[in-house]
Amino acid sequence: MEELLQVDRLTKIFSLGSMISRIRITAADNVSFSIRPAEIFALAGESGCGKTTTARMILGFEEPTSGTILYRGQKIARNEKVWFTRGIQAIFQDPFGTFNPLRTVDRYFFETLRNYKLAGSTKEAVGLIDQKLRAVGLAYDEFSGKYPGEFSGGQLQRISIARALLTNPTLLIADEPVSMVDASLRMSIVNLFKQLKEELGVSVLYITHDLATAYYVSDRIAIMFRGHMVEMGSVEKVLMDPKHPYTRLLRESIPEADPTRCWRGTVRLTDIEQEEYLKQGCRFAGRCPMVMDICKQQVPADLNVDGVLVRCHLYTSQVDSR
Amino acid sequence: MSRTILRTEQLKAFYVLDLFGTQKVIKAVNGVDLDIGENEVYGIAGESGCGKSTLLKALVGAIEPPLRLIGGRVLYQMVGEEVDISSLDPEEKRRLRWEYVSYVPQGSMSVLNPVLKLKETFRDFIESHVSGKTGKEAFEIAREHIVRLGLPPQILNAYPHQLSGGMRQRVTIALAALLKPPLMIADEPTTALDVVVQRGVVQLLKDIQRTLENTIVLVTHDMGVQANIADRIGIMYAGKIVEEAPTGQIFGEPLHPYTCYLIDSLPHFGDKATRTSVPGSPPSLSNPPDGCPFHPRCPQALDLCTEQMPDLKYVDHSHKVACWLVGD
Amino acid sequence: MRIVRDLFRDHRFTVSFCVLCILLLLAILSLFSPYDPTRWGVVPRDLKPSRTYLLGTNSKGQDIFWQATFAVRNSLIISLIAGLVSRVIAVLVGMVAGYKGKTTDRILMFISDSLLVMPLFLIIVLLAMLVRDRMNLVTLGLLLAFFGWAWDARVIRAQILSLREREFTQTAILSGTGTLGLVLKEYMPFATPLVFSTLINNMSWAIGMEMTLAILGLVNLDIPTLGTTLQWAISYQAMLLGYWWWILTPVVLAVLLFVALYWLSASISEYLDPRTRLQRVGAH
């Protein structure tokens, strides 16, 4: 089966500061992964790990410093608008920021149809819009002529997905789609992704820091830390039996909605985050409970452990490296 | 249950907005009865826009226009007698805050003065609330306090912007606990923080509560955090408390339909079975439904539910529910 | 319409609207003037206001009432030209600089900043001196427009810069909207209050500038405007001679115009302010 999207050694380096003192922050460092058709792939990590930067590079909002992005085996040109030519769409974190508060929401729908030449008449357009709205559980009548402020966050996020579906995309990039939606309404959005995958064969790149929903909805997952990818594989293996110390820490720190399974032990936190970006070697070395000397000097290579990709020196001796 | 430290009687606080001739009343807190005891962590959970933040503001007496206290009372149990917070004058209220009850608002990192080093903020704080301490003594008190809570003492020499978000949050909480207040109120202290940082903040709160044996009232919509720290939880919906019980019972035997949906919708590791969220959308606080505010979304709603709001009643000695379907 | 009804709730808007209507009426009346405004000696001189001559007559032998109608009309024309043309330039420059950024932005802002730091008054005076004889309403309006856009271009640019980072910009781009569509459909609603309030302020400034130039004798004094009628009154020493009706007329009209324009701008921009607008749009 051909890969839908292939990202190879994607890197983005930001240069901050004035002419006198510049620091270079590698927001994304040699990120590589691929997404298959009809698959939900989660890109997870805490804030500042580079997941949003990676998404922006795929969409073309950010220019990669190096690396390639292939769609269906073909390279994407610099000025090519992936959403226009390649059937990739996106939805964003803040449902109220996604739409212009001074315009009615339906305008975006009509404009999308017009710009992509998907409807011949207004009647046809309304029909298409209604169809997509029903797919996300809403109806045209309660949607037409309303401003973003008249909907709830959950509804707006679903409207956002409906808009993305108008162009019948093959890949939907969802950047933290439920982090600003109430816990009680998250499931409805996340279930939608499942539905889209199963019924329409749409792949979803699900970017999140919420591992619980990532576990629930994704097929595969990649964990990122300070720009590096540290572990990648099937969501069952990565989250139920984490190998990388950071993934373990992340997994343990998630507050389970179950009072009988509280946290055990305490955790050490960093005081100054910026320092971690500038380290040589493995970026987690400063906090890792199992750190070794080599960790501070050398970035670990990609290792295949039990079908999961791990970048950690702990496993170098165990299995064959790629 | 232990002795009461704070209670409310049918507390009502509305936002009254007047814009271009039209008046809009937002019934953020619409008849809330609370009874919070000593030495416990009381969690208030609910969707955004259910009135939790307004409830906290009302509890500390921070009621300013357009927010108005419409009815009910907030009573603090201080040195043997009950004190109605609205009977205090501004100076007494000021002393009440931080010494008796400290309030950590949402986005509390803005509580720290960005142009002062942390040690100066701490010193100012101590000097304005504790008399007779020199600068040096104040600094020592602050240092001891920070170290006892497990935070690195070097941060006192830093400016707020030099610290990470999680550290700032913990410092703010440390500041709130400095004068050993019997009551600490925190509004969404872990929202917008990373998972690992969140764990550190919750750990800190737990440590403080264990050491001082005081009461913490914690508002958050994150049920995972509630499960980890709260002793009792009050579920808030459309400005009212609809269920209140010890944490184990809320998660194990929820009784109110809303709570049931809420608990069912939470994802768990190791279980990929389909879950559903609460149907419908949160109600508008400016135009809440008649009777029980949850009835438009409740699949088991009776006719009675559309007419009359059920009272919050005890179902057993520690579990209260406001629902016509539960109880007699 | 609902908008108009809402606007009228603000008493500032009502009062200023009425005053401006009256002034506009005056301006339109000029079309019915029985006298040619540029001719002298058409009526007896220096007469106090009476039933025949509502505002009296001046030392040049003109009916002050009918002169005033022309004065108001011409001043309004000048300020409208100045205001509208400078808005168009400010919006174009601000939007292009804000959205394109980088080199385009630098060049445009360099030009704009240069105009800001130049001693405007001196330069306008110089230019006015040069073209004085060929100055008419339109030329004066354009001259003022040329110097009135720089500040507001920066304000609009700042607005665009912040809007560019908002997520709905990305949504619009993903919907296939191009740069022009983005600027016109997405950003204009935010820029409208700015444009409106600065338009009216600019108009006020233009009227004031015109009056100043007139008093310095740098405009074509044959064309009656608020400034020129005032200038004639001063040069004929109306104050000293006690012909108060001659001096007061342009002064009172000018003051009414300034205050009305200011109140209008304040009430409209408060109405259009996105924050209050959002509250009105039935938001939760």
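Q: How many helices and strands does the secondary structure of chain C come to?
A: In this predicted model, the order of elements in chain C from the N terminus on is α-α-α-α-α-α-α-α-α-α-α-α-α. The secondary structure of chain C therefore comes to 13 helices and zero strands.

Q: What percentage of the residues in chain C is buried?
A: Along the principal axes, the C-alpha atoms of chain C fill a box of roughly 75 × 45 × 30 Å. Of the contacts in chain C with a separation of 6 or more, 70% join residues 24 or more positions apart. A residue counts as buried if 20 or more other C-beta atoms lie within 10 Å of its own. Among the 284 residues of chain C, the buried share is 41%.

Q: Which helix gives the most residues to the largest nonpolar core?
A: Nonpolar side chains tend to be buried together in soluble globular proteins. The largest nonpolar core here has 257 residues, and those with the most contacts inside it are Ile173(A), Leu205(A), Tyr206(A), Ile223(A) and Ile185(B). The most residues in this core, 17, come from helix α9 (residues 179-215) of chain C.

Q: Which residues does Tyr206(A) touch, not counting those up to four places away in sequence?
A: Tyr206(A) is one of the residues with the most contacts inside the largest nonpolar core. With residues up to four places away in sequence left out, Tyr206(A) touches Ile40(A), Phe41(A), Ala42(A), Ala174(A), Phe193(A), Ala214(A), Val217(A) and Ser218(A).

Q: What distance separates the end C-alpha atoms of helix α5 of chain A?
A: Helix α5 of chain A has 14 residues, 122-135. At 1.5 Å a residue, the helix should span 20 Å. The distance between its end C-alpha atoms agrees with this, at 20 Å.

Q: Against which elements do the buried residues of α5(A) pack?
A: The buried residues of α5(A) are Ile129(A), Lys132(A) and Leu133(A). They lie on the same side of α5(A), because they cover an arc of only 100 degrees around the axis. The face turned away from that buried side carries the exposed residues Lys123(A), Glu124(A), Gly127(A) and Arg134(A). The buried residues pack against two elements of chain A, α4 (106-115) and α6 (153-165).

Q: Which element gives the largest share of the side of chain B that touches chain A?
A: The contact takes 38 residues from chain A and 40 residues from chain B. Elements giving two or more residues to the chain B side are α5 (165-177), α6 (195-212), α7 (223-229), α8 (247-252) and α9 (257-264) of chain B. The largest share, six residues, comes from α6(B).

Key:
Residues numbered from 1 in each chain as written. Chains lettered and ligands numbered in written order. Predicted model: local features only at pLDDT ≥ 70, side-chain atom pairs only at ≥ 80, totals over all residues. Helix = DSSP H or I, 4+ residues; strand = E, 2+ residues; numbered from the N terminus. Expected span 1.5 Å × (residues − 1). Buried ≥ 20, exposed ≤ 12 C-beta atoms within 10 Å, placed from the backbone. Arc of directions from axis to C-beta. Contact = placed C-beta atoms within 7 Å. Core = buried A, V, L, I, M, F, W, Y, C linked by C-beta atoms within 7 Å.
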